[in-house]
Amino acid sequence: MKKNKLSIGLKLLLFLFFQVFVSLFSVRVYAASLPKFKVSNIEIAGKDNVFKAKYLMNYYENIMEVHLKTPENIQDIQSFVYKIEKKNLFHDSTVSWVNFKGNSFKVSNLTSGEYDVFIKYITKSGQSSPEVVFHLKVERPWWRTWWFWGASFISLFGLFYGRERFLKFWADEEQRHTKKIVELELRTLQLQMNPHFIFNALNSIQSYVMTHDAITANSYLSKFANLIRMFLDSSRSKYISLQEEIKMLNLYIEMESLRFEDKFDYVFHVDPEVNKYIEIPTMILQPFVENAINHGLRYKRVKGLLKIFFYYSNEYLICRMEDNGVGRKVAKEIQSKTRKGYKSQGLKITAERLVTYNKINESNIGFSINDLHTNLGETEDDIGTVVEVRFPLN
């Protein structure tokens, strides 16, 4: 009895399973028997394209319209549907089917990436047709591509590296210029304190002592000591006030006048508008004064005159030095005839100093040397020399 009941239950279970299988198989057979529709063409950014399995779109061609061919069983179709699945690297996308009317649909604003587009229709009885699938790839904008970011990184790296190299080069260049200007300043100081000047000044002071003119000897000895001290002090700083510069030049010219036995007079004139506390680079003017005395006034047959003016002109402080000496041409001829002639390197070193100083400080200090008189005719008057040194006020 129990065996009969078990066999009946087993048969009933097998019958139910068979019925389910037949129903599922019949649905699949029916779905497979539905006619498959076709895509007539696809418009991308307004341009027609024949239907194919894959499409490549530029980032600015992000509008697509799909046109379908009308299937034969259109009277049995309830709706058309589509879905666009974007391929993601780390997670799967879930996209719902979207209904559309007619035989076309339009998609816009597609972002860069890869997509699979699925299209099908659903019959009135609820059955789904086979899907039409095609692949779509929207390229990235050029500013989002790997080569752009790679080139940008390399460019930025090169920019920073080049900047560091430039700063190092400029620091080395500035250090080189600074070293050069220190060497030139030392050479200028050595020229200012040349042995001939010191020896002759001390000889002049000694002559006053020998002639028992102790007061004059003591006065000149004090001035000589002050001048040497001012030379040394000025060499320790880059700038000096105009007042201190005039004081140092006055002492130097006075000592040179003693050395050449009162062979010339001199005069300073400072315009009332000039600020005497304005600062100028140290040891710039003295070589020009030295050149005027040793190459111009020294060889005059009569007593000469040295004039030094300070005034403003066109945003510059001008130092104008005039002497009525023999002039540059005659001085060179005299120098070439004797080995004992005074050979000064002061102007050459000063010119090098100014070039280096202007590079470091982005300044434009300049000077000019010209003949004082150019149209003397047949007279025997000395031509003289005029020197102008221009200091920018800024």
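## A buried serine in helix α5

A residue is called buried when its relative accessible area is under 20%, exposed when that area is over 50%, and partly exposed in between. Ser-257 has a relative accessibility of 9%, and therefore it counts as buried. The structure discussed here is a predicted model, and every value in this report was computed from that model.

Ser-257 belongs to helix α5, which covers residues 242–259. If residues up to four places away in sequence are left aside, Ser-257 touches Asp-262, Lys-263 and Phe-264. The helix itself lies across three strands, namely β11, β13 (304–313) and β14, and it runs at about 170° to β11.

## The five-stranded sheet

In what order do the strands of the open sheet follow one another? The order is β11-β13-β14-β16-β15, so that five strands take part, and their pairing is mixed. At the edges stand β11 (264–270) and β15 (366–371), each of which pairs on one side only. On average, and with direction ignored, neighbouring strands of this sheet are turned by 15° against each other.

Within this sheet, strand β14 (residues 316–323) and strand β16 (residues 385–392) run antiparallel and are joined by eight bridges. One position can be followed by eye in the structure, where Ile-318 stands opposite Arg-390 in β16.

## Aromatic rings

A pair of aromatic rings is described by two quantities, the distance of the centres and the angle of the planes. Across the whole structure, a search finds 14 aromatic pairs. In one of them, the ring centres of Phe-80 and Tyr-121 are 6.0 Å apart; their planes meet at 65°, and because planes over 60 degrees apart count as edge-to-face, this pair receives that description. The two residues come from distant parts of the chain, since Phe-80 sits in strand β5 (residues 77–86) and Tyr-121 in strand β8 (residues 113–123), with their positions 41 residues apart. Both Phe-80 and Tyr-121 are buried.

Another edge-to-face pair is formed by Tyr-266 and Phe-268, with 6.3 Å from centre to centre and 85° between the planes. Here Tyr-266 has a relative accessible area of 27%, and so it is partly exposed, while Phe-268, with a relative accessible area of 21%, is likewise partly exposed. Ring pairs also link Phe-37, Phe-80, Tyr-82, Phe-100, Phe-105 and Tyr-121 into a cluster.

## Lysines over rings

Which ring has Lys-83 over its face? Lys-83 lies over the face of Phe-118, at 5.3 Å from the ring centre. A second arrangement of this kind involves Lys-120, which lies over the face of Trp-97 at 4.3 Å from the ring centre.

## Salt bridges

The search of the whole structure finds seven salt bridges. Lys-83, already met above, takes part in one of them with Glu-85, and the closest N and O atoms of this pair are 3.1 Å apart. Why is Lys-83 counted as buried? The relative accessibility of Lys-83 is 14%, which is under the limit of 20%, and therefore Lys-83 counts as buried. Glu-85, by contrast, is at 22% relative accessibility, so it counts as partly exposed.

A further salt bridge joins the side chains of Lys-303 and Asp-265, with 3.0 Å from N to O. This pair links distant parts of the chain, as Lys-303 lies in the loop between α6 (286–295) and β13, whereas Asp-265 lies in strand β11, and the two are 38 residues apart. Lys-303 is partly exposed, with a relative accessible area of 43%, and Asp-265 counts as partly exposed at 36% relative accessibility.

The side chains of Arg-320 and Glu-322 also meet in a salt bridge, at 2.5 Å from N to O. Arg-320 has a relative accessible area of 22% and is partly exposed, while Glu-322 has a relative accessible area of 15% and is buried. These two residues are linked with Glu-388 in a network of salt bridges.

## An exposed lysine in helix α7

Is Lys-332 buried or exposed? Lys-332 is found in helix α7 (residues 328–337), and because its relative accessibility of 62% is over 50%, it counts as exposed. In sequence, Lys-332 and His-295 are 37 residues apart, while in space their C-alpha atoms are 8.2 Å apart.

Note on methods
Residues are numbered from 1 along each chain as its sequence is written. This is a predicted model: local features need pLDDT of at least 70, side-chain atom pairs count only at pLDDT 80 or more; totals for chains, interfaces and linings use all residues. Side-chain values use heavy atoms; hydrogens and water are left out. Helices (H or I, at least four residues) and strands (E, at least two) are DSSP runs, numbered from the N terminus. Buried means under 20% relative accessible area, exposed over 50%, partly exposed in between (1.4 Å probe, protein chains only). Contact means heavy atoms within 4.5 Å. Two strands pair if DSSP finds at least two bridges between them. Axes are lines fitted to C-alpha atoms, for helices over the stretch in contact, and angles run from 0 to 180 degrees between N-to-C directions. Rings of Phe, Tyr and Trp (its six-membered ring) pair if their centres lie within 6.5 Å; planes under 30 degrees apart count as stacked, over 60 as edge-to-face and the rest as tilted. A charge sits over a ring if NZ of Lys or CZ of Arg is within 6 Å of the ring centre and within 35 degrees of the ring normal. A salt bridge is a side-chain nitrogen of Lys or Arg within 4 Å of a carboxyl oxygen of Asp or Glu.
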